[in-house]
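User: I'd like to go through some of the labels on this fold. Can you take me through the reasoning behind them?

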Amino acid sequence: MAVTKEDIYSSKIFLNCALPLAKVIATDIPSLGAKFKNTHAVVQVSALDPDAPEGKVATHFVINGLDDWQVHAGRVDRDPHVELQFKSIPALNKFFKGKMGPDCIPKIKVKKAKYVPTLVSIVQVLLKMSAVLGAKEPPTDPDMKKLTCKCYFYLITSGISQLNKAGHEEIKNWTTPSPDRVYAMAIDCDPDCSAYIRIKAGKSKAGRGTYKRSLPFFLMRFPNYDDAMGILFGTADMLDSLKEGKLILDGAPEFAGQIGNFMLEVAALAKG
């Protein structure tokens, strides 16, 4: 199966941006997090790729209980205890876009029987992550509203950064001439629900939470979760939200258009 440039971009989004959200999901949903209380395992999601140095691309987790869950995005572990291995990058993309079929079911590897509960737990987390990111309508539960906004903010900022590192033409053209600038997203009612991307001369780095070294060059903020989800789910118009005070832009309005376009690009690559 031929691998296109878009396939590579999508795999970067899934492996380096979406899969790291598994820890966020497990941490914020106690019933899922409790399943990892006594877990001591290396868990990996990978896709075979003959062009990769290791013969595959992957992200793996080193889990020693929920409080010591290390995410190694874009890195291959040669001997994981649990692995979901896809036969190709396009197969991995199809699976995470919800386009299920016999050609995109991963091969499951479990080193010993004692790791089967870990396999079950990580699959439950991945299914929940898929449900959060793939939802067609905003959630109504208050806790899920917060989790959804947090996951989307993290996905968007890290997704833009990953596409820049992968050489996405439009995003690379935006970052290359840029001075040192920070672009951020936040919820006014919850300072913990925020994320940012820092760019400078073609380089980029995404971060979670509030950037503390200086005020962001541009900040897209929302009074509450519902206002944010109107934009994130495309159910609200950006201009109307601005007029109604549901979206506040701290910085020049033209930068909202740039970030908005990149948000749509990340969404298109993640959902197809």
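Analyst: Here are a few of those labels, set against their definitions. This is a predicted model, where local features need pLDDT of at least 70 and side-chain atom pairs count only at pLDDT 80 or more, while totals for chains, interfaces and linings use all residues. Residues are numbered from 1 along each chain as its sequence is written, and side-chain values use heavy atoms, with hydrogens and water left out.

User: What makes strand E6 mostly covered?

Analyst: Six of the seven residues in E6 (181-187) are buried. Buried means under 20% relative accessible area, with a 1.4 Å probe and protein chains only. A strand here is a DSSP run of at least two residues, numbered from the N terminus.

User: Why are E6 and E7 said to pair?

Analyst: Pairing takes at least two DSSP bridges between two strands. E6 and E7 (190-200) have seven, so they count as a pair, running antiparallel. One of the partnerships is Val182 with Arg198. The two strands form a hairpin, with two residues between them.

User: How do you know that E6 pairs with E9?

Analyst: Five bridges link E6 to E9 (218-222), in the parallel sense. Ala186 has Arg221 as its bridge partner there.

User: What makes E3 and E5 edge strands?

Analyst: The open sheet runs E3-E2-E1-E4-E5 with mixed pairing. E3 (69-72) and E5 (107-110) each pair on one side only. For E3, four bridges join the strand to E2 (56-64), antiparallel, and His60 stands opposite His72.

Methods: Buried < 20%, exposed > 50% of the residue type's maximum accessible area, 1.4 Å probe, protein only.
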